[in-house]
Amino acid sequence: MAMSICADSCHRRFWPLPAVPSAPCWRHSCRVISCERCCRCFLIAIAIYFAVKPNMNDVDRAERLSHFLFGLVIAPLVGFYDGLFGPGAGSFYMLAFVSLAGFGVLKATAHTKLLNFAFNIGGFIVFAVAGVVYWKIGLMMGVAQFLGARLGASLAIRIGARLIKPLLVIICLSLAVKLLADPANPLRQLIGV
């Protein structure tokens with residue numbers, strides 16, 4: 001996740017020029033926009049969309065956006081968000097693939113994995129060149145992620161939308177709750193929790 005973190009604060013925010021992973025803290029001189037609030041709202045909205053949308057299955061539907069325009073507009077937008085902040089990018093891809101590209105849930109999941117992989121490799125290269133990768137932990141997590149992804153993909157292929165849809169709803173809501181539970185969350189500070 002390419003984001004700036006203030007030395008005097010653990011608030012995750014985006015800055016006017018957030019593409020620089022090690023950007024200095026300009027908190028007092030630049031207008032800062034909180035990304036967490038938007039992310040929580042989007043994740044909850046995505047969970048509701050997938051929970052209540054009827055006929056959500058593995059059957060492809062009519063596309064609303066050509067594959068060319070999807071690749072030109074949606075992939076870079078979500079990729080920018082993914083590099084800047086990260087949490088929920090896969091959910092955003094799923095929503096876009098199902099609602100705009102007309103993909104069925106299984107096909108959308110497969111394409112989401114491919115785009116997540118591509119953007120993660122890009123982010124990994126940036127952080128490796130910057131020398132901020134903890135190799136030992138990263139390699140252990142990579143092996144565990146590979147094994148988990150292999151198991152998950154096998155189950156997704158075998159069970160399809162009956163498994164993917166409820167898991168997507170649960171993951172979106174869990175991630176929103178996790179972001180709300182963050183001690184640095186401005187909402188928690190507002191209500192005094």
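**Aromatic contacts, helix H2 and a salt bridge**

In this predicted model, phenylalanine 124 has a relative accessible area of 37%, so this residue counts as partly exposed, a class that lies between the 20% limit for buried and the 50% limit for exposed. Phenylalanine 124 belongs to the aromatic contacts, which make a good place to start.

The model holds six aromatic pairs. In one of them, the ring centres of tyrosine 93 and phenylalanine 119 are 6.2 Å apart with their planes at 15°, and the pair is therefore stacked, since planes under 30 degrees apart meet that description. Tyrosine 93 is part of helix H3 (residues 89-99) and phenylalanine 119 is part of helix H4 (residues 105-130), so this contact ties together parts that are 26 residues apart in sequence. The two partners can be told apart by their accessibility: tyrosine 93 is buried, at a relative accessible area of 0%, whereas phenylalanine 119 is partly exposed, at 29%.

The rings of phenylalanine 124 and tryptophan 135 are arranged in another way. Their centres lie 5.6 Å apart and their planes stand at 90°, so this pair is edge-to-face. Here phenylalanine 124 of helix H4 is linked to tryptophan 135 of helix H5 (residues 135-159), and the two residues are eleven apart along the chain. Tryptophan 135 has a relative accessibility of 47% and is therefore partly exposed.

A further group of rings, Phe70, Phe97 and Phe103, makes up one aromatic cluster. Phenylalanine 103 also has a charged neighbour, as the charged end of lysine 107 sits over its ring, 4.5 Å from the centre. Lysine 107 has a second partner too: its side chain forms a salt bridge with that of aspartate 60, with an N to O distance of 3.1 Å. This contact joins helix H4, which holds lysine 107, to the loop between helix H1 (35-52) and H2, where aspartate 60 is found, 47 residues away in sequence. A search of the whole structure gives one salt bridge. Lysine 107 is partly exposed at 34% relative accessibility, and aspartate 60 is partly exposed at 37%.

Helix H2 (residues 67-84) brings the account back to Phe70. This helix of 18 residues spans 24 Å from its first C-alpha to its last, close to the expected 26 Å. H2 has a kink of about 25° at isoleucine 74, shortly before proline 76. Isoleucine 74 is among the buried residues of H2, as are Phe70, Val78 and Tyr81. Just beyond the end of H2, glycine 86 adopts a positive phi of about 105°.

Notes: Residues numbered from 1 in each chain as written. Predicted model: local features only at pLDDT ≥ 70, side-chain atom pairs only at ≥ 80, totals over all residues. Heavy atoms only, no water. Phe/Tyr/Trp six-rings, centres within 6.5 Å; stacked < 30°, edge-to-face > 60°. Helix = DSSP H or I, 4+ residues; strand = E, 2+ residues; numbered from the N terminus. Buried < 20%, exposed > 50% of the residue type's maximum accessible area, 1.4 Å probe, protein only. Lys NZ or Arg CZ within 6 Å of the ring centre and 35° of its normal. Expected span 1.5 Å × (residues − 1). Bend = angle between axes of the 7 residues up to and from the residue. Salt bridge = Lys/Arg side-chain N within 4 Å of Asp/Glu carboxyl O.
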